[in-house]
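Biologist: I should like a close look at a single part of this protein, with its surroundings explained step by step. Please treat the matter as you would for a colleague at the bench.

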Amino acid sequence: MPLTFRKSFRILPGVRLNINKRSWSITTGGGRNGPRYTRSSTGRRTTSMDLPGPFGWRRTSRSRRSRGH
């Protein structure tokens, strides 16, 4: 099994800095029953929310587009 590196720091109330081997991200929100917003250094934006029971909701969109020739 490969080893992975991931570290998360709370920098302000409701704001976390997440670091892994290839990128970093900032996560805000996620209070009681609220959505969580994440922006990554790779350009990925994620909005996620926890729902009760076996359900879960997550939406991911990219802001940067790679150009293929």
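Which residue stands opposite Val-15 in strand 3? Please describe that position and then the strands around it.

Modeller: The residue opposite Val-15 is Thr-28, in strand 3. The model is a predicted one, and its confidence is taken up at the end of this account.

Thr-28 itself is the natural place to begin. This residue lies within strand 3, which covers residues 24-29. Thr-28 counts as partly exposed because its relative accessible area is 30%, a value that falls between the 20% limit for buried residues and the 50% limit for exposed ones. Leaving aside residues up to four places away in sequence, Thr-28 touches Gly-14, Val-15, Pro-35, Arg-36 and Tyr-37. Two of these contacts can be placed at once: Val-15 is the residue opposite Thr-28, and Gly-14 belongs to the turn between strand 1 and strand 2. Arg-36, another residue in contact with Thr-28, stands opposite Gly-29 in the pairing with strand 4. A further relation reaches back to Leu-12: the C-alpha atoms of Thr-28 and Leu-12 are 9.4 Å apart, although 16 residues separate the two in sequence.

The pairing that holds Val-15 and Thr-28 may be considered next. Strand 2, residues 15-20, pairs with strand 3 in the antiparallel sense, over five bridges. The two strands make a hairpin with three residues between them. Arg-22 is located in that loop. Arg-22 is classed as exposed because its relative accessible area reaches 80%, and the class requires over 50%. In space, the C-alpha of Arg-22 is 8.9 Å from that of Thr-42, a residue 20 positions away in sequence.

On its other side, strand 2 is joined to strand 1 by six bridges, and these two strands also run antiparallel. One of the pairs is Arg-6 with Asn-20 of strand 2. Two residues separate the strands of this hairpin, and Gly-14, in the turn, has a positive phi of about 85 degrees. Strand 1 spans residues 6-12 and includes Phe-9. Phe-9 is partly exposed, since its relative accessible area is 37% and the class runs from 20% to 50%. Together with Ile-11 and Leu-12, Phe-9 forms a nonpolar patch on the surface, with about 280 Å² of accessible area in total.

Strand 3 also has a partner in strand 4, residues 36-40; the two run antiparallel and are joined by five bridges. Among the opposing residues are Gly-29 with Arg-36 and Ser-25 with Ser-40. Six residues lie between the strands of this hairpin, where Gly-30 adopts a positive phi near 85 degrees. Strand 4 in turn pairs with strand 5, residues 44-50, through four bridges, again in the antiparallel sense. Here Arg-39 has Arg-45 as its bridge partner in strand 5. Three residues lie between strand 4 and strand 5, and Gly-43 of that hairpin has a positive phi near 100 degrees.

These pairings can be set within the whole protein, which has six strands and zero helices. Along the sequence the order is β-β-β-β-β-β. Of the contacts between residues at least 6 apart in sequence, 0% join residues at least 24 apart. The protein has 69 residues, of which 13% are buried. Its accessible surface comes to about 6500 Å², with 52% belonging to carbon and sulfur atoms.

Confidence, finally, differs between the elements. The mean pLDDT of the protein is 82, and 80% of the residues score at least 70. Strand 2, which carries Val-15, has the highest mean among the elements, at 95. The lowest mean, 67, belongs to strand 6, residues 56-62.

Methods: Residues numbered from 1 in each chain as written. Predicted model: local features only at pLDDT ≥ 70, side-chain atom pairs only at ≥ 80, totals over all residues. Heavy atoms only, no water. Pairing = 2+ DSSP bridges. Buried < 20%, exposed > 50% of the residue type's maximum accessible area, 1.4 Å probe, protein only. Contact = heavy atoms within 4.5 Å. Areas by Shrake-Rupley, 256 points an atom, 1.4 Å probe, with all protein chains shown as cover. Patch = residues over 30% accessible without salt bridge, like charges linked within 9 Å, V, L, I, M, F, W, Y side chains within 5 Å. Salt bridge = Lys/Arg side-chain N within 4 Å of Asp/Glu carboxyl O. pLDDT = per-residue confidence, 0-100.
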